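This report goes through a few side-chain features and one helix of the structure shown here. Please keep the sequence and the coordinates open while reading.

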Amino acid sequence: MSRSTGLSNSLHYLKSTLQNKCPRCREGNLFVSQQPYRLKDGLKMHEHCPVCGQPTEIEVGFYYGTGYVSYALSIAYIVSSFVAWKVLIGVTFAIDDTRIFYWMGTVVVTLFALQPMLMRFSRSLWLSWFVRYDPNWWEHELKKPERLVEKHKNNW
C-alpha cells in the first residue's frame, strides 16, 4: 500500500467517524437524528445500519467504554485550549494576573456546550474500533454478534 493510499484511507476513516457513519460501510447514519442537541433522541441510535445492516450494539453494555473515550476527548480539548490560550494571550501565573479565570470559565462553558457532540463522537469512535471497514460489504455475509442476549438489549 502506498503512502498516499494509507493517508487517503485514514482521512476517509476520520471523516466517516466524525460524521457518525457506520464503520462497516461508512455510508449509513448511526444515529436516528442528525441533530446532537435534540434532547429526546439526540443519542438514539439505529439498531442496525440502514445501509449494510451492521448491528450498532454488538454486546450487552457495549457503550459503557465510551465514557472513557469521552473523558479523553474532554481532557484533550481542555489541554489544547489551554495551550492555545497560553500562546495567544500569554497567561502568566502571577498573583495579580486573573486572565486564567477567563480561560477556565470559557473552557467550562464550551465543554458543556460541546458535550452532546463529544458523546456522539465517542460512540462512533468506540464502534469503529470494534467493527472493521469492509469496502465490499455487500459481498460478505454479516457476522451475528456472539455476546448479545436479546432480552438484555438496550439495558444500559
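The text below takes up the cysteines, then the charged pair, and then the helix α2 and its surface.

**Cysteines**

The model is a predicted one, and a search of the whole of it finds zero disulfides. C22 takes part in no disulfide, since the nearest cysteine sulfur, that of C52, lies 3.6 Å away, and a disulfide is counted here for sulfur atoms within 2.5 Å. For C25 the closest cysteine sulfur belongs to C49, and the separation of 3.6 Å is too far for a bond. With regard to solvent, C22 is buried at 1% relative accessibility, and C25 is likewise buried, at 4%.

**The charged pair**

How many salt bridges does the count come to? The count comes to one salt bridge. D41 forms a salt bridge with R38, and the closest N and O atoms of these residues are 3.5 Å apart. On the acidic side of the pair, D41 is buried, with a relative accessible area of 17%, whereas on the basic side R38 counts as partly exposed, with a relative accessibility of 46%.

The relative accessibilities of the residues discussed in this report are collected in the table.

| Residue | Relative accessibility | Class |
|---|---|---|
| C22 | 1% | buried |
| C25 | 4% | buried |
| D41 | 17% | buried |
| R38 | 46% | partly exposed |
| L88 | 70% | exposed |

**Helix α2 and its surface**

Helix α2 covers residues 66-89. Its 24 residues reach 34 Å from the first C-alpha to the last, which is close to the 34 Å expected at 1.5 Å a residue. Just after α2, G90 takes a positive phi of about 75°.

Which residues of α2 are buried? They are T66, V69, S70, S74 and S81, and what covers the buried residues of α2 includes α3, residues 99-130.

A nonpolar surface patch of about 700 Å² is made by Y71, I75, V79, V83, V87, L88 and I89. One of these residues, L88, has its place in helix α2, and L88 counts as exposed at 70% relative accessibility. As background for reading the numbering of the patch, an α-helix has 3.6 residues a turn, so residues three or four places apart point the same way. With that spacing in mind, the patch residues Y71, I75, V79, V83 and V87, among others, can be located along the helix in the display, as can the buried residues, including S70, S74 and S81.

Conventions. Residues are numbered from 1 along each chain as its sequence is written. This is a predicted model: local features need pLDDT of at least 70, side-chain atom pairs count only at pLDDT 80 or more; totals for chains, interfaces and linings use all residues. Side-chain values use heavy atoms; hydrogens and water are left out. A salt bridge is a side-chain nitrogen of Lys or Arg within 4 Å of a carboxyl oxygen of Asp or Glu. Buried means under 20% relative accessible area, exposed over 50%, partly exposed in between (1.4 Å probe, protein chains only). Patches are made of residues with over 30% relative accessible area and no salt bridge: like charges are joined within 9 Å, nonpolar side chains (Val, Leu, Ile, Met, Phe, Trp, Tyr) within 5 Å. Accessible areas come from the Shrake-Rupley method with a 1.4 Å probe; for residues, only the protein chains shown count as cover. Helices (H or I, at least four residues) and strands (E, at least two) are DSSP runs, numbered from the N terminus. The expected span of a helix is 1.5 Å times one less than its number of residues. Contact means heavy atoms within 4.5 Å.
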